[in-house]
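Work through the exercises below with the structure open beside you. Try each task before reading its solution.

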Amino acid sequence: MFGRLPAISLRAIRTGNWLAPEAPADLSRLKWCAVVFCIAAVLAPAAVEARHVPRHPVWPLEIAGGQYIPAAWGDIAGWKDDDHLEAFRTFRRSCHAVTARQPPAAGQKALGASLREPCRAATMADISKDASARAFFESRFRPVRISRLGEADGFVTGYYEPIIDGSRTRTDVYTVPVYRRPSNLFVRGFTQSAPSLPNSGPVYRKIGRRKLVPYYDRAEIEDGAIAGRGLEICWLKSQTDLLFTQIQGSARVRLEDGSTLRINYDSYNGYPYTAVGRILIERNIIPKDQMSMQRIRQWMTENPDGARELRRQNRSYVFFHEVKLSDNDEAVGAQGVPLAPGRSIAVDKSLHVYGTPFFIEGELPIESEQAKTPFHRLMIAQDTGSAIVGPARADLYFGAGPEAGRVSGRLRHNMHFVMLVPNSLDPAVSGRTMPLPEKRPSARIAKLFPQKDRKPDGLKAATQQSTSSPVSPAAKPAGAAAVPAAKTESPAAAPSPVMRPEVRSDRQRPRHHRRRWHRPIR
């Protein structure tokens with residue numbers, strides 16, 4: 001799946017059974033005893049020596065839809081210049097959740113339960129210097145460059161926690177409700193009392209006692225499908241404020257009395273997320289190089305009727321719950337720990353484990369829209385999102401407020417991803433056990449069946465030109481070597497395969513060629 005790695009031996013390991021065929025049943029018992037005794041004598045020293053070798057679990061590293069290349073610490077640009085102490089503190093906050101939760105099933109995700117070992121070491125370590133934090137990561141992990149299969153880089157966007165105005169009650173100014181999870185929303189495998197529900201997969205509503213149908217989409221909910229049920233947490237000024245709050249997954253709502261209400265993602269209605277920015281680009285309304293959250297908000301403000309139609313193209317709808325956080329506390333991610341601005345990222349939770357360190361390197365427009373600020377930073381996976389899909393896809397968290405919104409709103413960039421893999425995982429195991437491809441057909445078969453249709457169009461044209469109109473020596477490129485005539489023969493000169501003899505139908509076939517079970521039963 002990931003191709004052969006440079007450090008892997010060329011010897012392939014078979015995947016079949018290497019055991020010898022079963023011995024005949026008539027062998028004497030004495031012969032079997034002699035064989036067992038010889039095997040035991042050979043393996044005894046190795047067994048004694050193996051008792052002194054420490055055993056460490058080694059699982060193959062497999063990333064669905066991705067590819068990876070083991071790297072060296074010295075080859076990672078900006079690794080030595082990062083603030084490893086700050087990254088270590090963020091990682092240790094994740095470790096409390098990693099060690100407390102139930103280990104995932106083996107093979108369910110790339111890292112499985114391998115983070116538990118470095119997390120135990122992090123919780124017990126007394127690290128207060130950057131050099132010690134860097135040594136911790138280098139001694140407990142190994143770097144692996146990852147990307148989507150067939151691509152060289154990953155892709156990053158940004159997100160933040162909006163600060164918006166709202167009210168506990170509906171007024172003439174605040175007319176858009178923020179809903180909590182409805183009681184008739186069902187997800188298979190989860191109870192209605194679950195603290196939070198997944199952000200992917202089908203979601204149903206119950207009709208009667210047994211019938212389940214897809215839940216209401218955005219248009220139906222905006223038109224009042226669940227209004228009047230007491231589900232309103234608060235009220236906002238516009239549907240645009242609500243849309244951006246749903247995209248970010250959390251918000252700080254400034255109430256009329258000066259207090260702050262904190263809301264966080266709870267569940268959604270089961271429809272896939274559709275990026276409204278991509279629709280504006282496809283309709284040639286906003287150029288791709290000018291796309292940002294600020295431009296989307298500006299267009300929606302200037303075109304209220306178009307904004308209503310555009311919103312409803314995204315049928316996904318998010319429900320929230322109120323969280324008890326102060327103004328000094330950061331938003332809580334899907335892992336259940338407070339996010340760290342500039343250190344926390346959202347990843348694809350179907351592929352990655354919360355708490356996984358990722359070093360992301362490249363250039364981002366941090367200081368301005370045209371700036372190319374070097375970004376080389378160790379980030380920790382602590383959150384997720386329905387639009388974050390793929391092995392090298394991340395949403396960078398920048399904190400709360402307008403400035404964080406401006407920075408995160410203009411991020412849509414390719415970046416290099418380096419995943420830190422615990423030492424208990426061996427990235428080369430998959431390559432060593434990967435079966436080799438089947439042998440190519442022999443030269444005789446290849447000559448009988450030339451693969452003319454598999455040539456690129458440009459190569460076909462060049463072949464036709466070389467065979468139809470010979471090029472003079474003056475027209476040949478400088479430095480081109482003369483090709484022997486035997487190698488320049490056209491594939492059309494290859495002999496065609498011998499035609500198969502004509503086979504007559506069953507009606508023309510003589511009676512003695514018919515099968516016995518075709519004869520009529522007398």
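**Exercise 1. A small sheet**

Task: find the residue that stands opposite Phe186, then place the pair in its sheet.

Solution. The model is a predicted one.
- Step 1. Phe186 faces Tyr204, a residue of β8.
- Step 2. Strand β8 covers residues 204–207, and two bridges link it to β7 in the antiparallel sense.
- Step 3. Both strands belong to an open sheet of three strands, ordered β7-β8-β9, with antiparallel pairing.
- Step 4. Its edges are β7 (185–186) and β9 (211–214), each of which pairs on one side only.

**Exercise 2. A six-stranded sheet**

Task: state the strand order of the six-stranded open sheet and name its edge strands.

Solution.
- Step 1. The order reads β6-β10-β5-β11-β12-β13, and the pairing is mixed.
- Step 2. The edges are β6 (176–179) and β13 (318–323), since each pairs on one side only.
- Step 3. On average, neighbouring strands here are turned by 45° against each other, direction ignored.
- Step 4. Now take β6 and β10 (residues 232–236): they run antiparallel and are joined by four bridges.
- Step 5. In this pair, Tyr179 lies opposite Glu232 of β10.

**Exercise 3. Two packed helices**

Task: describe how α2 and α4 pack, and list the residues that make the contact.

Solution.
- Step 1. Two values describe such a pair: the angle between the axes and the distance between them.
- Step 2. For α2 (residues 84–100) and α4 (residues 130–140), the angle is about 60° and the axes are 7 Å apart.
- Step 3. The two helices are therefore oblique to each other.
- Step 4. The crossing of α2 past α4 is left-handed.
- Step 5. From α2 come His84, Leu85, Ala87, Phe88 and Phe91; from α4 come Asp130, Ala133, Arg134, Phe136 and Phe137.
- Step 6. Sorted by class, this contact has seven nonpolar residues, one polar and two charged.

**Exercise 4. Burial**

Task: is Gln239 buried or exposed? Which residues of α10 are buried?

Solution.
- Step 1. Gln239 sits in helix α6 (residues 239–248).
- Step 2. Its relative accessible area is 19%. The cut-off for buried is under 20%, so Gln239 counts as buried.
- Step 3. Apart from neighbours within four places in sequence, Gln239 contacts Val176, Glu222 and Arg311.
- Step 4. In α10 (residues 402–409), the buried residues are Ala404, Gly405, Val407, Ser408 and Gly409.
- Step 5. These buried residues of α10 pack against β4 (154–161), α8 (293–302) and β17 (393–400).

How values were computed: Residues numbered from 1 in each chain as written. Predicted model: local features only at pLDDT ≥ 70, side-chain atom pairs only at ≥ 80, totals over all residues. Heavy atoms only, no water. Axes fitted to C-alpha atoms, helices over the stretch in contact; angles between N-to-C directions. Parallel < 35°, antiparallel > 145°, perpendicular 65-115°, else oblique. Left-handed = near helix turned anticlockwise from the far one by under 90°. Contact = heavy atoms within 4.5 Å. Nonpolar A, V, L, I, M, F, W, Y, C, P; charged D, E, K, R; others polar. Pairing = 2+ DSSP bridges. Buried < 20%, exposed > 50% of the residue type's maximum accessible area, 1.4 Å probe, protein only.
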